[in-house]
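Student: I would like to go through this model with you and ask how each label is earned. Could you set the values against the cut-offs as we go?

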Amino acid sequence: MICLTTTENTLTKALKQVENNKSYIDMVELRLDLLDEGELASAQIFPRLCALPTIATFRRVSDGGKSQLNDKSRMIKLREIVLQGDFSYVDIEEDVKKSDLKIKCDEESQRADFENELKLKGIKIIRSFHDMEKVPANLFALVTKLAKKGDIPKVAVTPNTIVDVVTLFRMNEELKDVKEKIIIGMGDFGVCTRILYKKIGSMLTFASENEIAPGQLSAKSLKLLYKADQVNNRTNIYGIIGNPVLHTASPKIHNPGFDAIHYNAIYVPFLVDKVRAFFKLAELIRIHGFSVTVPHKRDVLPYLGKITREVKQIGACNTVTRIQGMWKGTNTDYYGFLAPIEREISEGKIKSALVVGAGGAARAVVWALRNHHVKVTIANRTIEKAKLLASETMSNYIEIDNIPKLNENVDLVVQTTVIGMAPNEDEDILESLTFSKPCIVYDLVYKPRYTKLLKRAKEANCRIINGSDMLIAQGKLQFESFSGYHYPHWVNIEL
Ligand code: NAP
């Protein structure tokens with residue numbers, strides 16, 4: 001189930017949030033602590049108005065909420081609201097004392113047993129535990145203890161490394177007897193657990209319009225992009241590893257492709273600090289293949305049983321697939337780069353190229369050009385790296401300040417540095433170069449789509465190619481390695 005957490009301060013605005021997301025969600029969490037105080041008096045009508053199973057949550061500050069009330073007063077208020085409304089669940093933190101749940105009412109002489117009242121009304125209790133800093137060592141014992149009371153255990157914890165993520169994925173197997181449980185990995189490392197919530201054994205995942213908890217995704221992307229609620233035992237898992245990785249556009253290539261060919265598969269971003277631990281996770285949850293981005297393109301090499309010629313030459317791998325029990329590494333950056341200039345290359349129209357940069361992407365570019373007999377000159381800020389790549393590939397190299405003033409002797413200019421993308425959108429690393437004749441100008445930056453360099457080249461009647469063309473081309477090749485099918489031509493990729 002996908003559960004929308006309301007983040008508004010009035011009931012009207014919270015209902016609007018539900019309306020906006022209605023086709024993506026199965027239930028709602030009404031965050032009472034975020035509502036203005038005056039709104040609480042009518043909060044009981046919310047479940048009826050939104051017509052979806054609703055959780056009442058009155059979160060205190062120490063657990064990431066806004067309620068400043070002490071536990072006793074908070075439980076009194078929560079009871080007033082919940083018992084008058086049609087809530088399906090109520091969230092009570094696991095350390096709220098029994099005595100705070102025996103509530104003294106004005107008109108009655110005996111204390112009311114709030115837990116019992118909820119049970120009589122058929123409202124399920126979610127007993128929640130939050131750790132905003134880490135994944136505690138006693139997590140499994142904690143869930144077992146909470147479940148023994150007959151309530152639904154909820155743990156929202158913060159993984160700080162991929163090793164913690166492995167712990168969360170182990171919960172499915174270790175706690176399979178606890179049928180109804182909610183497990184959430186917060187923060188950037190936890191994003192993959194929010195998407196693959198069914199694989200960690202969680203009955204639901206939370207979504208919000210404006211990330212009320214760290215790492216929360218929108219209901220729309222969980223439902224439409226990832227189809228997270230359709231994951232089952234037969235779903236093949238793919239993904240991308242990197243650090244950082246959450247900005248990646250690759251899920252927007254692979255997930256719509258899988259969907260279009262009716263392949264039961266999902267493609268998820270995994271923030272990875274330690275590649276070794278990720279391979280453990282890949283075995284644990286049977287990941288079938290993954291893309292690799294900065295800074296892990298070299299780090300994965302020791303774990304691969306088989307590599308292609310390009311990976312060997314470039315010294316970097318961006319695609320890993322599981323083949324006959326072994327990990328195979330390929331490099332689709334190499335072919336993805338060539339795809340938009342395939343015709344010119346095969347017709348021998350590109351004889352010489354200027355490549356700016358000597359990082360991982362430049363290595364794929366230079367090798368691809370050299371293997372097609374193009375004469376290459378490399379310019380890079382750190383001259384030693386340009387020199388090294390030039391000597392490996394039998395190319396020339398020059399200081400970045402010595403880039404020629406005119407493009408007279410080059411058929412292709414390739415920009416492979418980070419200059420041109422945020423936060424360097426206003427910069428043009430080749431500003432000293434004037435396009436005195438039309439040539440092909442290729443910028444690997446894909447966001448923004450048209451860099452300052454490309455705009456200038458277009459004005460000078462050059463053919464321009466942007467990084468999204470390469471990104472899509474390399475992504476489609478990865479898709480073929482992953483699924484065994486050509487990328488469906490009818491999918492309109494929106495990065
Ligand atoms: P990388 O290995 O870290 O290399 C970064 C390159 O940028 C190096 O040449 C580096 O020069 C240069 N650089 C960094 N900061 C600079 C600055 N302030 N001034 C001048 N040069 C600077 O990264 P990468 O993997 O090669 O990626 C580079 C770019 O290509 C990124 O924008 C990435 O998004 C893009 N890319 C696009 C695709 C695609 O499919 N479109 C695929 C791969 C990469 P030094 O050697 O002097 O540090």
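Student: Where is Tyr 334 placed, and why is Tyr 334 called buried or exposed?

Tutor: Happy to start there, keeping in mind that this is a predicted model. Tyr 334 sits in helix α12, residues 332–338. Its relative accessibility is 1%, and buried means under 20%, so Tyr 334 counts as buried.

Student: How far apart are Tyr 334 and Gln 474 in sequence and in space?

Tutor: They are 140 residues apart in sequence, and their C-alpha atoms are 7.9 Å apart in space.

Student: What makes His 373 count as buried or exposed, and where does His 373 lie?

Tutor: His 373 belongs to the loop between α14 and β18 (375–380). Exposed means over 50% relative accessible area; His 373 has 70%, and therefore counts as exposed. There is a backbone point too: His 373 has a positive phi of about 65° although it is not a glycine.

Student: Why is a positive phi worth pointing out?

Tutor: Because most residues other than glycine have a negative phi. Asn 461 is another case, with a positive phi of about 65° without being a glycine. Asn 461 is in the loop between α16 (452–459) and β22 (463–465). With 62% relative accessibility set against the cut-off of over 50%, Asn 461 counts as exposed.

Student: Which type of peptide bond runs from Asn 243 to Pro 244, cis or trans?

Tutor: That bond is cis, with omega near 5°. Pro 244 is found in the loop between β11 (236–242) and α9 (251–260). The bond from Ala 422 to Pro 423 is also cis, and omega is near 5° there. Pro 423 is located in the loop between β20 (412–415) and β21 (440–443). For background, most peptide bonds are trans.

Student: Now the ligand. How many residues surround the ligand, and which are the closest?

Tutor: There are 23 residues around the ligand, and the closest are Gly 360, Ala 361, Asn 380, Thr 382 and Lys 385. A residue is included if one of its heavy atoms lies within 4 Å.

Student: What makes the pair formed by a ligand oxygen and the side chain of Arg 381 a polar contact?

Tutor: The ligand oxygen is 2.9 Å from an N or O atom in the side chain of Arg 381. The cut-off is 3.5 Å, so this pair qualifies as a polar contact. By the reasoning just used, two backbone pairs qualify as well: an oxygen of the ligand is 3.0 Å from a polar backbone atom of Ala 358, and a nitrogen of the ligand is 2.9 Å from a polar backbone atom of Gly 467. The protein covers 78% of the 910 Å² of accessible area that the ligand has on its own.

Student: Which elements give two or more residues to the shell around the ligand?

Tutor: Those are α14 (360–370) and α17 (467–483). The largest share, three residues, comes from α17. By class, the shell has twelve nonpolar, eight polar and three charged residues.

Student: What is the volume of the second largest pocket, and which helix gives the largest share of its lining?

Tutor: The volume is about 340 Å³. Of the 16 residues lining this pocket, the closest to its centre are Asn 172, Lys 198, Lys 199, Asn 233 and Ile 285. Helix α6 (residues 162–174) gives the largest share of the lining, five residues. The lining divides into four nonpolar, six polar and six charged residues.

Terms used
Residues numbered from 1 in each chain as written. Predicted model: local features only at pLDDT ≥ 70, side-chain atom pairs only at ≥ 80, totals over all residues. Heavy atoms only, no water. Polar contact = N/O pair within 3.5 Å; in protein donor to acceptor, adjacent residues only side chain to side chain. Areas by Shrake-Rupley, 256 points an atom, 1.4 Å probe, with all protein chains shown as cover. Helix = DSSP H or I, 4+ residues; strand = E, 2+ residues; numbered from the N terminus. Nonpolar A, V, L, I, M, F, W, Y, C, P; charged D, E, K, R; others polar. 1 Å grid on protein atoms, 1.4 Å probe; cavity = no way out; pocket = protein on both sides within 12 Å on 5 of 7 lines; lining within 4 Å. Points joined across faces, edges and corners; volume = space filled by probe spheres on them. Buried < 20%, exposed > 50% of the residue type's maximum accessible area, 1.4 Å probe, protein only.
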